[in-house]
Every structure is written in structure tokens, then in C-alpha cells.
Amino acid sequence: MYLEALGSALFGLVLAWAAVHRLPDRLPGRGLVLVTGVLGGVFGAFVTHGALGPGHPFATLVGAVAVAAVVLSLLVRPRPRAAHRLRRSATV
């Protein structure tokens, strides 16, 4: 269980680091994103391990990565140009 938690935290950190480097202008502060990735990975491992039980380390890590990706996707903001287009009235 401890190795699954450590591995899921590491996978969440790597996923968050990749998101920070890929989308720096669309994410909040770097520290917040990295912590969110780690916590999302650990929480995903906890939920997946609780649902599947012991003996499924690969599936637990896959669930951890999936939950970390979902949590990180909640931090992504729209592009500035897209947000400007959404504010226009339909009658203009």
C-alpha cells in the first residue's frame, strides 16, 4: 500500500509538471498545480484501492493517474481570446 501511494504521488507530480510546462498561461500558480497533481494522485490511489482491494497495483496506479488528470483539468482556464468571444452578445 505504501509503494502504491508513493508511486501514485510520483505519477501525479509528473503529470502536473507536464501540465505546467505544456499550458503555463492557462493554469494558476506552479506550486498549486504541483500540489494538486500529487494530492489527486494519492486520492485516486486511495479510491481505486478501496474499490478493487489489495492485489491490483497496476489498476490502482491507472486509477490514480486518471483521477489526477481529472483534478488537474479542473484548474485549466479558457484562453483569453476564447473568453473574449464568449462575452459578446448574440445580437451584436
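Where is the place of Thr36? Thr36 sits in helix α2, and we will come back to this residue once the overall layout is clear.

## The overall layout

Welcome to this structure, which is a predicted model. The protein chain has four helices and zero strands. Reading from the N terminus, its elements follow the order α-α-α-α.

Of the 92 residues in the protein chain, 28% are buried. Contacts that span long stretches of sequence are part of the picture too: among contacts in the protein chain with a separation of 6 or more, 68% link residues 24 or more positions apart.

## How helices α1 and α2 meet

Two packed helices are described by the angle between their axes and the distance between the axes. For α1 and α2, the axes come within 7 Å and cross at roughly 145°. This crossing is right-handed.

On the α1 side, the residues in the contact include Glu4, Ser8, Gly12, Ala16, Trp17 and Val20. On the α2 side, they include Arg30, Val33, Gly37, Gly41, Ala45 and His49. Sorted by class, the contact of α1 with α2 contains 11 nonpolar, six polar and two charged residues.

## How helices α2 and α3 meet

Next comes the pair formed by helix α2 (residues 30-52) and helix α3 (residues 57-73). Their axes come within 7 Å, and the crossing angle is roughly 140°. That angle is not over 145 degrees, the cut-off for roughly antiparallel, and α2 and α3 are therefore oblique to each other. The crossing of α2 and α3 is right-handed.

Which residues of α2 and α3 meet? From α2, they include Val33, Thr36, Gly37, Gly40, Gly41, Phe43 and Gly44, along with Ala45 and Thr48. From α3, they include Ala59, Thr60, Gly63, Ala64, Val67 and Leu72. By class, this contact of α2 with α3 holds 10 nonpolar, nine polar and no charged residues.

## How helices α1 and α3 meet

Helices α1 and α3 pack as well, with axes 9 Å apart and an angle of about 35°. Here α1 passes α3 in a right-handed crossing.

Among the α1 residues that take part are Glu4, Gly7, Ser8, Phe11 and Leu15. They belong to a contact that also includes Pro57, Leu61, Ala64, Val65 and Ala69 of α3. The contact of α1 with α3 has 10 nonpolar, four polar and one charged residues.

## Three residues of helix α2

Now back to Thr36. This residue of α2 counts as buried, because its relative accessibility is 14% and the cut-off for buried is under 20%. Setting aside neighbours within four places in sequence, Thr36 touches Val71, Leu72 and Leu75.

Thr48 is another residue of helix α2, and it is buried at 14% relative accessibility. Beyond its neighbours within four places in sequence, Thr48 is in contact with Gly53, Ala59, Thr60, Gly63 and Ala64. Ala45, also in helix α2, has a relative accessible area of 4% and is therefore buried. Outside its neighbours within four places in sequence, Ala45 contacts Glu4, Ser8, Thr60 and Ala64. The C-alpha atoms of Ala45 and Pro57 are 9.2 Å from each other, with the two residues 12 residues apart along the chain.

## The largest nonpolar core

In soluble globular proteins, nonpolar side chains tend to be buried together. Which residues make up the largest nonpolar core here? There are six residues in all: Ala16, Ala19, Val20, Leu27, Val33 and Leu72. Helix α1 (residues 2-22) supplies the largest share of this core, three residues.

One member of the core, Ala19, is in contact with Pro24 and Leu27 once neighbours within four places in sequence are left aside.

## A residue in the loop

Is Pro24 buried or exposed? Pro24 is found in the loop between α1 and α2. Its relative accessibility is 56%, so Pro24 counts as exposed. Along the chain, Pro24 and Val76 are 52 residues apart, while their C-alpha atoms are separated by 9.7 Å.

Note on methods:
Residues are numbered from 1 along each chain as its sequence is written. This is a predicted model: local features need pLDDT of at least 70, side-chain atom pairs count only at pLDDT 80 or more; totals for chains, interfaces and linings use all residues. Side-chain values use heavy atoms; hydrogens and water are left out. A nonpolar core is a set of buried Ala, Val, Leu, Ile, Met, Phe, Trp, Tyr and Cys residues joined through side-chain atoms within 4.5 Å. Buried means under 20% relative accessible area, exposed over 50%, partly exposed in between (1.4 Å probe, protein chains only). Helices (H or I, at least four residues) and strands (E, at least two) are DSSP runs, numbered from the N terminus. Contact means heavy atoms within 4.5 Å. Axes are lines fitted to C-alpha atoms, for helices over the stretch in contact, and angles run from 0 to 180 degrees between N-to-C directions. Angles under 35 degrees count as roughly parallel, over 145 as roughly antiparallel, 65 to 115 as roughly perpendicular and the rest as oblique. A crossing is left-handed if the near helix is turned anticlockwise from the far one by less than a right angle, and right-handed if clockwise. Ala, Val, Leu, Ile, Met, Phe, Trp, Tyr, Cys and Pro count as nonpolar, Asp, Glu, Lys and Arg as charged, and the others, Gly among them, as polar.
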